[in-house]
Structures are given as C-alpha cells and as structure tokens.
Amino acid sequence: MSLILQDIGRRVGRKWILRHLQLEVANGECLALLGPSGCGKSTTLRLIAGLDLADEGSILIDGQDVSKVAAVDRRIGMVFQSYALFPHLTVAANLCLGLRVRGISAAEQQHRVASVLALMQLEEFADRRPAQLSGGQRQRVALARALLRDPLVYLLDEPMSNLDAQLREDLRPELRRLILNGNQPVVYVTHDQHEAMAMADRIAVLRDGQLEQIGTPQELYLKPSTIFVASFIGRPQINLLPAQSGIVTAIRPEDVHLSEEGISCRIIDIEWLGTSQLCLLDSPKGKLRMLCNSQIKIPENVKVKWSSEKEHHFNSESGHRIN
Amino acid sequence: MIRTRNIWIIALLIWSLSPLFWQVYTSFCSPESLIQPLSNSGHRWTLDNYRQVLTADPPFWRYLLNSAIVGISSTSLTLLLAIPAAYSLSRIPAKLARLVKLLMLGAALFPYVLLFLALLELARSFNLGNNLLALSFPYAALSMPLAVLLLASAFKDLPVDLEEAAKLEGLGLWQRLRWVLIPLVGPATASTSILVFLFSWNEYPIALTWLSRSDLLTLPVAIARIAGTSVYSIPYGPYAAATVLGALPLLALVMIFQRQIVSGLTQGAVKG
C-alpha cells in the first residue's frame, strides 16, 4: 500500500468536516472520491497534498508519515479543477518553473519539458500563454505539469469538470494512458458518478465527512451498502419504494421490465435516449423509473415486474443495507 | 446623449487643466506683460524665465535630480517593506486582517503635518538632516498604509489555487513571491509605486525641515525658495517655469504607466 490515510479528521472551528476516514490506495491504483459538494472529498485531497493539515490521524506515503511535512516537500502531482496555470508564463515556462526551483540542470529541464510537450501533443503551444489556450489544452498543460513533478502520489481535483461532455470522453483514455497506468497511487475527486465509474479501480463514496462505502464500481452498483450510495451510483437513479414495516425496497430502472402480469402502471413521461428509453410510471407503489429497449412501442397503460433477486433492501431508519 | 457627454468632458477638462495651462502660459511671459496682460508690446513671449531657473546656482536640474533620488529611494523602500507586509496581511485570518487594516487606515488618515516637529527631533538625534536618502525613511513610513492596503487587496484577489499549485511544485515562500505572486500583482505594484513617488515628489514640510543645504533641496522646497527670493516682488515667471519643469517628469511617468495605474487601481472592483 502506497498511500494510507489513518483515521484522518479535519476540523473547521468546532465542526468536524471530515472524521475517522480510513483509506488505502495501492501503487498504480486509482481511487475516486465521490460525493455531493460539501461531503469532504476536496478536503481529503487537500490533506493528502498538505495544503491543509489534518487535525487528527496520519497520512503515510510509501510508509513514511508525512502528516507534518509541508506541501512544498511532499512530492505531490496535482491537477486543480481550475488548472491553476501561472497566467503570466508561457506553457513552456509554466512547465519549467518547478524543475528549475527543484535544482534540475538547464539541459535536463529543456529535455524533460520537450518530451512532455511531445507526449501531450502540445509542442506548437509551448510559447503561448494559458489565456490563449482552449480548456482542453489547459487541462493537458496542467497534466503535463503534474507529470513533470515526478510525484509519489497523483491527485486530480475534478480534472474534467470545466470541459464539455465531448471533450471529457476524448480525454478519459488519454488520462488513463498517462497517469492511471503509472506506478503511483492516484486519487481522483469527482462529483460525477459516471466519471468515477469510468476512471477508477475503486470508489469511495463520502457523505458529510464520513466514508459511506468503498469498493469497486461493480460492488457499489450491485451491492450498495446504504440508500445514499444506491441513489448516488447508477443513472437513471434507482427507484426507492415507500418503506414498509421499516424496510425500504429499491430497484434499479434497468431491472424493471414490461410483462404480461405484474403491477399495472400508467405512463407519465418517456425520454427516448437512442439506445434505450426511460419511462416514468405512475404505479400503486408510487412513481417508478423503467429503462427499456428503445425499439419497443409503449402503450399508455402497461404492466411491469422485476425479479425479487434484483431488489435491494435497506433499513428505513439507518439507511443501511439488510442481508 | 453623446453631445451632452462631450460637453461635460470639455467642461471638466477646462476645470482641471486651466490652472496648468495658465502656469505654462505664465512661464513663457515676460514680467512686464504679466503686469499688463492686455498690452500688445512686442516683449510678451520669452524664454527668459526658463533661462533664469536653469542657470541659477545651483541649476534647476539639480533639484530634479534630488527629487528623483528621494522619489526612487522612498518608492523602493516602501515596496520592499509593503510587499511582504501586504502578502502576510492577505494570508492571516480575516478578523485579524480587518483589525490591522483599520489601524492602518487610521494611520493613513492622520494629518502627517502634525508629525513634522517630532520627525525633526528624530532627524536631529539620528543625524539624518541634509541627507537625501534619509528622507526615504519618513516618506516610506507615511506611504506604508496606502501601499500595504492597495497591495494586500491585489494579493487577496489572486486565485488561491495559483499559490497552492506553486507550493506543490516545490516553490518555497520567497520563490513563490518572486516567480508567481509579485509578477501577478504587477499592475497594483505599478500604481502603488506611482502614488508613493508622487507623494515624495510633492512633499513639502518634512523636506523643508530636514534639508537646509541649497544643493540638496527637493523640488517643492526649491520652488518655494524661488518664490521667496525677493521681498519686493513675486517672480511669477521663474516660479511658473519651475513648476512646469517639475511637473514634466511626473507627466512622463504617468503617461508611460497609465494602463497599469488604471488597472491596478480598479483591481478587485469588478470580478472578472
């Protein structure tokens, strides 16, 4: 294990914004921190980077306790949400600055900057200022800077949130190729469950500064441990049926099927999505979302059912999974 | 709409520039024509005033040089102290920063003329009289509140991410200031420098009391001396010529840096 957070806590004033967080990220593993805004995921990243210091617990990188080490000395490669490129410097100078202050020889600087520019296909932009670059190009410069840091840990803070959907899809394989296939642990903060599932080996879902569940995307999708995780992972959102004798039953829209016999429902709305269509149903158990093949012509009144194996059950009080 | 606006602008320009033009006009007039403004004698236009000022002992450029030395040294000293102070002020907890800013505003509002006797005592005990560079101590001190407040708001406006990115790149505090933060507050630094320079260029009471050797005088004191050279007449012409000559370097400075000054002064006014 290369990055270990032991019982980390962070307090602002008297309020704990993060508490009792345990995480382990192996070399070459990508862990996504997923959660709504204010859940503590960015705080966690800042603690690992050393931009804030933990109020309790310790952080180990390669077995070394770095809890008290200043950010300057931690050897962290971070991509900021805003990219945080130095606006007064050209792309090449942006990339050079860190190398220079870390005492790398001029020839070596040149060589490394040139090779990273080539790797990122940024050669022609070397003399431009960040303001003259598009969002995607800026993001690549930010990635290049993180690569040149030669870090022990990569931290990515919503690296794609400022890009349009098309560009995100294009950049995902590139990001995987450049950083996720390395030998360092990668922590990837996002509020987009789709991105987390696409990029990460494991996902940690955070809520109100606490770890809700951690596991592979499959585990989180197939066996969410709380109602919160169930509704956060998977789109369209899971159906939560009204609680009966303290038990909430949940069923994913893709597990709801049209059937000859079953619950009679009325169609309220249909979103045709190309490969599938999402139907909003009014059923005796409340509103239901159903995802079905886009080829089917759907009448106004339908009968639906699902296999009971696909149901998830949660305690309605605690929100925890039963079974 | 545009026409009324133009009229306003013209009125404003006349209001603020006419004394200057009057001074320029006066500087080219012979003493006789100044007394008889409407006579049409052939001796109206003259360069005599300038000649008189420039060939006096010590020549006028000496005062320009003195003022420049004082201006540059006090501006440098101010920036040297104000930049780190402003950076710290922008990074300490907000409550403490507010208190410090309030105190500095108080200091800035204090009429400094009241200090000059005390300052004179200091100059005497530390032997700082008749020393051009020594003038930069009181000047820097007096400019400090304004400089720190201006620069602190500029530092405050920089995105925090930039400094944090620099930290993660391994830049220590001084390296961050040198390579990232100071270049980025350049416009605010330029406008602050101009204001400090302007203050020291125009300052009168302290310069009057700290300097007595005639070859060390700064412009305002020197100009005042020209005005008081004779008991029987007021030498309007040379006086006007001296003010025009004294204003030219400043005018040039402001012209060169006007873009930075405006962008520095309005920094933080509008969130981009």
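Start by selecting A:Glu158, which sits in the loop between β7 (153-157) and α5 (165-180) of chain A. Keep in mind as you click around that this is a predicted model. Look at the backbone here: phi of A:Glu158 is near 45°, a positive value in a residue other than glycine. That's worth a pause, since most residues other than glycine have a negative phi. Is A:Glu158 buried or exposed? It counts as partly exposed, because it has 19 C-beta neighbours inside 10 Å and the cut-off for buried is 20 or more.

Now jump to A:Tyr83, in the loop between β6 and α2 of chain A. Here too phi is positive, about 75°, and the residue is not a glycine. A:Tyr83 has 23 C-beta neighbours inside 10 Å, so it counts as buried.

The two elements on either side of that loop lead us to the chain A and chain B contact. Show both chains and pick out the contact residues: 16 come from chain A and 16 from chain B. On the side of chain A that touches chain B, the elements that give two or more residues are β6 (76-79) and α2 (91-101). Which of them gives the largest share? Colour α2(A): with three residues, it makes the largest contribution to that side. If you colour by residue type instead, the side of chain A that touches chain B splits into 11 nonpolar, three polar and two charged residues.

Next, hide chain A and look at chain B by itself. How many helices and strands are there in chain B? You'll find 13 helices and zero strands, so to speak a run of α after α when read along the sequence. The C-alpha atoms of chain B fill a box of roughly 75 × 60 × 30 Å along the principal axes. Of its 272 residues, 32% count as buried. Among contacts in chain B between residues at least 6 apart in sequence, 74% join residues at least 24 apart.

While chain B is on screen, select helix α7 (residues 136-157) of chain B, which gives 12 residues, the largest share, to the largest nonpolar core. That core has 144 residues, and B:Leu151 is one of those that touch the most other members. Bring chain A back, and you can add A:Leu31, A:Tyr188 and A:Ala204, also among the residues with the most core contacts. Zoom in on A:Leu31: leaving aside residues up to four places away in sequence, its contacts include A:Leu23, A:Val25, A:Val187 and A:Arg202. The core also draws at least three residues from each of domain 1 (3-228) and domain 2 (238-315) of chain A.

Colour those two domains of chain A separately. Their centres, taken over C-alpha atoms, are separated by 38 Å. Then go to A:Pro236, in the loop between α8 (227-232) and β11 of chain A. The peptide bond from A:Arg235 to A:Pro236 is cis, with omega near -5°. As a rule, most peptide bonds are trans.

Last stop: follow the chain into the sheet. Select the open, antiparallel sheet of three strands in chain A, ordered β11-β12-β17. Its edge strands are β11 (239-240) and β17 (312-315), each pairing on one side only. β11(A) pairs with strand β12 (residues 247-251) of chain A in the antiparallel sense over two bridges. To see one of these pairings, display A:Asn239 and its bridge partner in β12(A), A:Ile251.

Key. Residues are numbered from 1 along each chain as its sequence is written. Chains are lettered from A and ligands numbered from 1 in the order in which they are written. This is a predicted model: local features need pLDDT of at least 70, side-chain atom pairs count only at pLDDT 80 or more; totals for chains, interfaces and linings use all residues. Two strands pair if DSSP finds at least two bridges between them. Helices (H or I, at least four residues) and strands (E, at least two) are DSSP runs, numbered from the N terminus. Two residues are in contact if their C-beta atoms, placed from the backbone, lie within 7 Å. Ala, Val, Leu, Ile, Met, Phe, Trp, Tyr, Cys and Pro count as nonpolar, Asp, Glu, Lys and Arg as charged, and the others, Gly among them, as polar. Domain bounds come from an automatic or database domain assignment. A residue is buried if 20 or more other C-beta atoms lie within 10 Å of its own, exposed if 12 or fewer, and partly exposed in between; C-beta atoms are placed from the backbone. A nonpolar core is a set of buried Ala, Val, Leu, Ile, Met, Phe, Trp, Tyr and Cys residues joined through C-beta atoms within 7 Å.
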